[in-house]
Amino acid sequence: MINDLWYKNAIVYCLSTETFMDANGDGVGDFQGLARRLDYLAGLGITAIWLMPFQTSPGRDDGYDVSDYYNVDSRYGTLGDFVEFTHGAKQRGIRVLIDLVVNHTSDQHPWFQDARRDEGSRFRDWYVWSKQKPDNADQGMVFPGVQKSTWSYDKEAKAYYFHRFYDFQPDLDTANPQVQAEILKIMGFWIELGVSGFRMDAVPFVIAEKGADVKRPREQFEMLRSFREFLQWRKGDAIILAEANVLPKTDMDYFGADGDRMHMMFNFQVNQTLFYALASGNCRPLEKALEATRTRPETAQWGLFLRNHDELDLGRLSERQRSEVFAAFGPDKNMQLYDRGIRRRLAPMLEGNVARIRMAYSLMFSLPGTPVLRYGDEIGMGDDLSLAERDCARTPMQWSREPQAGFTKSATPILPVITDGAYGFEHINVADQRRSPDSMLNWMERLIRMRKEAPEIGWGNYTCVDTGLEGVLAIRYDWRNNSILIVHNLTQAPVEAEIDTGLGDDGHLLIDIADGSNSEAAKDGKHCIYLEGFGFKWFRIGGLDYLLRRTEI
Ligand code: NOJ
């Protein structure tokens, strides 16, 4: 039963086919290249891949502008290559999730082309039109500073069309039953080709009411239930992981009170406060965010992450907190994006401080949810701020010291490989790190193993244990007579934390999961735990008779 809900304790690895591995030497990553790298991913220990969009697309928003939902973009290969890849992943016990981008299409999609040409087109109502420019056309932009409006005039259609994102991404009228039926058909198609579910793009916008006269769009949450229902009819263990950067008070509307809507959501609230905690050395707001996002149905799960392919969105922090994070991790204007975020990768944000980078990943892996890693994180890749917008953190994977980091044989990769400075491929690459026991890569493999051996995190109840220290976060998980305690020091200074596990005699003994060393509680029942600056420890908790009491899990 517990393994059926595989996503509760998965390790997800997000990658873009385009920049991962190029097998045919044209400079663009492809499915054959990705398939060749499956053994690498299996070795790392990840259990699921989240593939960024790879369907046919003009590629103006890195594939988030789809022009054919039922095909693979020819630059990445064929449907045949895709199935070979999913089959290879399955053989290695790795599941595949794919992006489902159905809030909008590309303006090059034949549906939009047909709709704009002819008012009588059967696709006209698949999009959102207005004869006049709506009053709120200059509101609600997702990419402020780059995107000028949410309604643009189309000469051919002789009407304005709605686009929540860029103007080449016209919104689908998702309330239209025909559009909804098409969304199910798209899911059904990819499910047949071997995927285990979808990372659903922009969910709050998919379910929002759309139209020129809509002033305060209401969400049609029931739509989420219908997506899930359909998916489960077709494939019982398939899931939807929602991208929904929403306030905690609406979380349950997305999960569904009966656990009948989204299986997973990214926890943006925790993501932002985690960065605030890293910047300020104050864990209290993070504890609050954990509390605020605690309630979820038993079958639901959070997706946790540090950095993803977009900017680090700090929009939910207070003005003061946000400036603190900007000052610490993205002080230059060039590092910031859309007036709300930071576009850098993690390693440069933390100035390459190995102890701090490892602590940050360990912390993320120890929070309640399923960790989602981004390709290149496992070797500490950097960014290229000379590239536009979010492209800076989407450079090709650095495999080796060969030309173009071993990513391609072509001299002109789709995005430039990082060559200069400390993050250049000659310093940061998989081949070198494989051979070095203390490398980030080998450390990450050990972290993944440790997280897999702690299913309490995915399933258990958690309690933030008082440490008396603002800079130290201690979390205890309890599940089926097993308990673990994980402690992180977010500050640079070494600390001694006095910790009462809260379990009385049962908390007498702590066994360090990484090195097997023990800590016994003092007479007052407290443990004195020493942590280096940016240090962390994962403990299994046991009473004196802990070996006897521990139930098999
Ligand atoms: C969210 C995706 O993460 C982002 O990369 C994309 O630009 C927008 N949705 C539009 O699809």
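**The ligand and its pocket**

Guide: In this predicted model, the largest pocket has a volume of about 1,300 Å³. Its lining is made of 48 residues, and Gly140, Val142, Arg164, Pro204 and Phe205 lie nearest the pocket centre.

Visitor: Where does the ligand sit?

Guide: The ligand sits in the largest pocket. To sit there, more than half of its atoms must lie within 2 Å of the grid points of the pocket, so the ligand passes that test.

Visitor: What makes a residue one of those around the ligand?

Guide: One of its heavy atoms has to lie within 4 Å of the ligand. The residues that meet this are Asp61, Tyr64, His104, Phe143, Phe165, Arg199, Asp201, Glu243, His309, Asp310, Arg390 and Arg394. By class, this shell holds three nonpolar, two polar and seven charged residues.

Visitor: Why is the pair between aspartate 61 and the ligand called a polar contact?

Guide: The cut-off for a pair of N or O atoms is 3.5 Å. A polar side-chain atom of aspartate 61 lies 2.6 Å from a ligand oxygen atom, so the pair counts. For aspartate 201 the distance from a polar side-chain atom to an oxygen atom of the ligand is 2.7 Å, and for an N or O atom in the side chain of histidine 104 it is 3.1 Å; therefore these pairs count too.

Visitor: How much of the ligand does the protein bury?

Guide: Taken alone, the ligand exposes 300 Å², and the protein buries 98% of that.

Visitor: Which domains give at least three residues each to the lining of the largest pocket?

Guide: Domain 1 (10–101 + 345–452) and domain 2 (110–162) do. The assignment also gives domain 3 (459–552), and the C-alpha centres of domain 2 and domain 3 are 56 Å apart.

Notes: Residues are numbered from 1 along each chain as its sequence is written. This is a predicted model: local features need pLDDT of at least 70, side-chain atom pairs count only at pLDDT 80 or more; totals for chains, interfaces and linings use all residues. Side-chain values use heavy atoms; hydrogens and water are left out. A polar contact is a pair of N or O atoms within 3.5 Å; within protein, one must be able to donate a hydrogen and the other to accept it, and residues adjacent in sequence count only if both atoms are side-chain atoms. Accessible areas come from the Shrake-Rupley method with a 1.4 Å probe; for residues, only the protein chains shown count as cover. On a 1 Å grid over the protein atoms alone, a cavity is a set of points where a 1.4 Å probe fits but cannot get out, and a pocket is an open set with protein on both sides within 12 Å along at least five of seven lines; lining residues have an atom within 4 Å of a point. Ala, Val, Leu, Ile, Met, Phe, Trp, Tyr, Cys and Pro count as nonpolar, Asp, Glu, Lys and Arg as charged, and the others, Gly among them, as polar. Domain bounds come from an automatic or database domain assignment. Grid points are joined across faces, edges and corners, and a volume is the space filled by probe spheres set on the points.
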